[in-house]
Every structure is written in C-alpha cells, then in structure tokens.
Amino acid sequence: MKAIVNGKLILPQEILTGQTLLFDTRIRRIAPLKKEQLPAGTECIDAKGQYISPGFINLHIHGIGGSDTMDGTEEALKQMCRMLPATGVTGFLPTTMTETEEKIRTALANIAACTEKHFAGAEILGVNMEGPFISTAYKGSQEASNIQKAHWELVAPYAGCIKIITLAPENLAEPAAFIRRCRENGILVSLGHSNATYEEAAAAYANGASHITHLFNAMRPFHHREPGLAGAALTLPFICELICDGIHIHPAAIALAVKAKSPDHIVLVTDSLRACLMGDGESELGGHKVYVKGLRATLQDGTLAASVLSMHLGVKNLKEFAHLSLPEAVRTASLNPATELGLRDRGSLAEGKRADLVFFDETFTISRTYVKGACVYQH
C-alpha cells in the first residue's frame, strides 16, 4: 500500500488539499488521514505541494521517441509505451495512417498482438485507425495514392481492437450502412480529413458518427453560408479533438471551440509523430520527410505534418488558451477520453478507480507517473 501526502488532488470539479490518497493498484481511499491511521507498512510519498492528476489518455498519437505505429513492430510499440509516461500519458491508442493496405494490415495486426502483452509504461488501449477512407481534398500529410473507398473487409479482422476509425463521410458508397456496422462492432466513428458539407456531416451524425478528428485541421473550413464539417462539429453533439500546440489551431479558435462545445465535449490529443521529444531536425511520417523546428513539423512544401506536442504541454496550453480551470483542462485529457472509450475504471481520482496517477508542478513539469499503482516514470 502507498499513500500520497501533501499533494493537491485534481478532481473533475475541484482541487482538494489536506487529503491523503491511499492506493495499491487502485485508489482505496481519499481522506484527511494521519500517519497513525495508515495501514502498517504503508509507503508514504510526499508530493511536496505538487498536483496529483489522473493519468492522461491520448486517443490520437502516431509516434514518439523515434518510433511510429506504422513501423509495425513490437519494439516500436514498446518504445512508445516507455516514452509516454514522461508526458503524463498512462493509456493511448496507437494511430495508423493512410498507407498501402499491406502496411495498414501489418500495423493493425501488430497492435492487436501487442495489446495483450502489457508492456512496461503506458497501456495500449486499442487502435485509432486514421484512414485510408478519407478525402483527397484534405489528405494533409497522407499519401493520395493510398486513399480508398471504405470497405468492411479491411476493418473486419481487427474490429475487436479498433476503437476509433476516421473517415470522410462523402467517401462512403453507403454511409449509413458502414457507420452503423462500425457502431455495431463497438467502433467509434470519427469524421476527419474530409470535404463534407454540413448536411453530409449531420447525416453521418444521425447514423452514429460521434467524434471529430483534430477539429479545424484537414477539413472543409467554416463559411457562414456553408458551415461544412467544422460548423457541424461546433453545433452538433460531437466529441471534438483539439491539438493545442498553438500552431495547428490559433489560440482564439481553440477558445471559440471550447466555448461552443463546453469542456465536456473536448478531447485533447497530440497527433504526434516519431519526432516528439526528439528535438529539432529531420524526421519521417508516412514515407515523407518531415522537418521539425520547435513545435512545428512540416513537409518540404510547408504542409503541417502531425505534431511534436506532448500531452502535458497540451493541457497547459488548453488551460491558458481557453481560460479554463485546471480541473476542466485535465478532464479533457483524462475523464473525457476514458468516458468515450467506456473505461469506467479510470479517468478520475476516486475510490475504486485504477491508480493511474501523474505528479506535476505549476509549470506542468512531470515528476512521477504511475500506471496501475506502479511507478513507470520518475524525473
């Protein structure tokens, strides 16, 4: 048994002080306990005034620390699991992209196999399948020659592992049937990389689509006479991803999105590539050279190529850009994604929840991360 003392506990609606958090693999008690009230042999951890947050869950991440989901190897996923706790992430969806069908199948099969192996570090929660059922008009850094019309045959063998699939509804031969089939198999349908009109997006929502891939990025922009996918995302009850690096979306647009949606309908993601945490220089994404300088990652023609944002800095930025309280900002990276994935045993600090915990200070510097009660990162 372990006990955290002198910490500021971030709950969904408030920050608690003067409380002790008692845990093993799960949170057993939150109360103002004195040392003599703790079970015999309890290890006391002095947080020294730091914040204690539920672990962050990243629903959209391609790579980090030199490894990428599309490498299709066990070692690549192990590296991602190892690196992510330094950013406060305790669970994630390795995210595929529009590549050849052979490479997509290899990546999906690799994730499905590795999900059962429980590597040290952050936990693999399934797959986010981004493409290849997207629009050539808004392909971003993905290869146009690999874009396909949606077909269930590619999805079916891995349906038990896929948690989210991104598609352009205008690229579906039978949108209603395909979306409903995904939902019947427990797959969240996300609209993105799309030239969809407002009406096409609204029809997809009516048929079961519920998520938006990186709002404002790689989609038909908002226009007052044709609101497009962005307009549908802002006005219908979609859960919207935001990349909060201040580059993919202007801070004012982030503030607007959060005001329109409320924090409960926002999920913070990084969409990071293998260059994340690797510093400036040349990298790779989907076979394309990527050039990284600061927080900006671009193809040779200047197209934004995913990001090098880390989750803890995204939480910091979202709090500042959207003028949120700390509990509100933390919810978008913890409780909201956990709720969307149906993970009722995590996402908040509460008795009985998994002990996925993050320690950070006022500058959002991570000092410790616990996954299921085990310390997997310590600075």
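Begin by selecting F23 and Y370: F23 is buried, and Y370 is buried as well. The model on display is a predicted one, and this tour moves from a group of aromatic rings to the whole chain, then to individual helices and loops.

**First stop: the aromatic rings**

Display the side chains of F23 and Y370. The ring centres of F23 and Y370 lie 5.4 Å apart with the planes at 80 degrees, so this pair is edge-to-face. The cut-off behind that term is an angle over 60 degrees. Colour the two strands next: F23 belongs to strand β4 (residues 20-23) and Y370 to strand β23 (residues 366-371), so the pair ties together parts that are 347 residues apart in sequence.

Keep Y370 selected and add F359. F359 and Y370 also form an aromatic pair, this one tilted, with 5.9 Å from centre to centre and 40 degrees between the planes. F359 sits in strand β22 (residues 357-360) and Y370 in strand β23, 11 residues apart, and the pair links distant parts of the chain. Both F359 and Y370 are buried. Shown together, F23, F359 and Y370 make up one aromatic cluster. The structure as a whole holds seven aromatic pairs.

**Second stop: the whole chain**

Zoom out and switch to a cartoon view. The protein chain contains 10 helices and 24 strands. Its radius of gyration is 20 Å, close to the 21 Å that the globule rule gives for 379 residues, so the chain is as compact as a globular protein of that length. Along the principal axes, the C-alpha atoms fill a box of roughly 65 × 45 × 40 Å.

Colouring by burial gives a further view: 57% of the 379 residues in the protein chain are buried. Of the contacts between residues at least 6 apart in sequence, 68% join residues at least 24 apart. With a surface displayed, the chain exposes about 14,700 Å², of which carbon and sulfur atoms supply 51%. If the charged side chains are coloured by sign, the mean positions of the 36 positive and 39 negative charges are 5 Å apart.

**Third stop: helix α6 and its neighbours**

Select residues 228-235, which form helix α6; this helix is mostly covered, with seven of its eight residues buried. The buried residues are G228, L229, A230, G231, A232, A233 and L234. To see what surrounds them, add β15 (188-191), α5 (198-206), β16 (211-212), β17 (239-243) and α7 (251-261), against which the buried residues of α6 pack.

From here, move to F216, in the loop between β16 and α6. F216 is not a glycine, yet has a positive phi of about 80 degrees. Its relative accessibility is 25%, so F216 counts as partly exposed.

**Fourth stop: helices α1 and α2**

Select helix α1 (residues 74-83) and show A76, L77, Q79, M80 and C81, the buried residues of this helix. The buried residues of α1 pack against several elements, including β8 (56-61), β11 (89-96), α2 and β12 (123-124).

Continue to helix α2 (residues 101-115) and select T115, which is found in this helix. T115 counts as buried, at 17% relative accessibility. Beyond residues up to four places away in sequence, T115 touches I124 and C161.

**Fifth stop: three loops**

In the loop between β13 (127-130) and α3 (152-155), select P132. The peptide bond joining G131 and P132 is cis, with omega at about 10 degrees.

Next, centre on E174, in the loop between β14 (162-167) and α4 (175-184). E174 is exposed, with a relative accessible area of 56%. Add A150 to the selection: the C-alpha atoms of E174 and A150 are separated by 8.9 Å, while the two residues are 24 apart along the chain.

Finish at A306, in the loop between β21 (296-298) and α8 (311-321). The phi of A306 is positive, near 55 degrees, in a residue other than glycine. A306 is buried, with a relative accessible area of 7%.

Conventions. Residues numbered from 1 in each chain as written. Predicted model: local features only at pLDDT ≥ 70, side-chain atom pairs only at ≥ 80, totals over all residues. Heavy atoms only, no water. Helix = DSSP H or I, 4+ residues; strand = E, 2+ residues; numbered from the N terminus. Rg over C-alpha atoms; globule rule 2.2 N^0.38 Å. Buried < 20%, exposed > 50% of the residue type's maximum accessible area, 1.4 Å probe, protein only. Contact = heavy atoms within 4.5 Å. Areas by Shrake-Rupley, 256 points an atom, 1.4 Å probe, with all protein chains shown as cover. Lys, Arg positive; Asp, Glu negative; His and termini not counted. Charge placed at Lys NZ, Arg CZ, Asp CG, Glu CD. Phe/Tyr/Trp six-rings, centres within 6.5 Å; stacked < 30°, edge-to-face > 60°.
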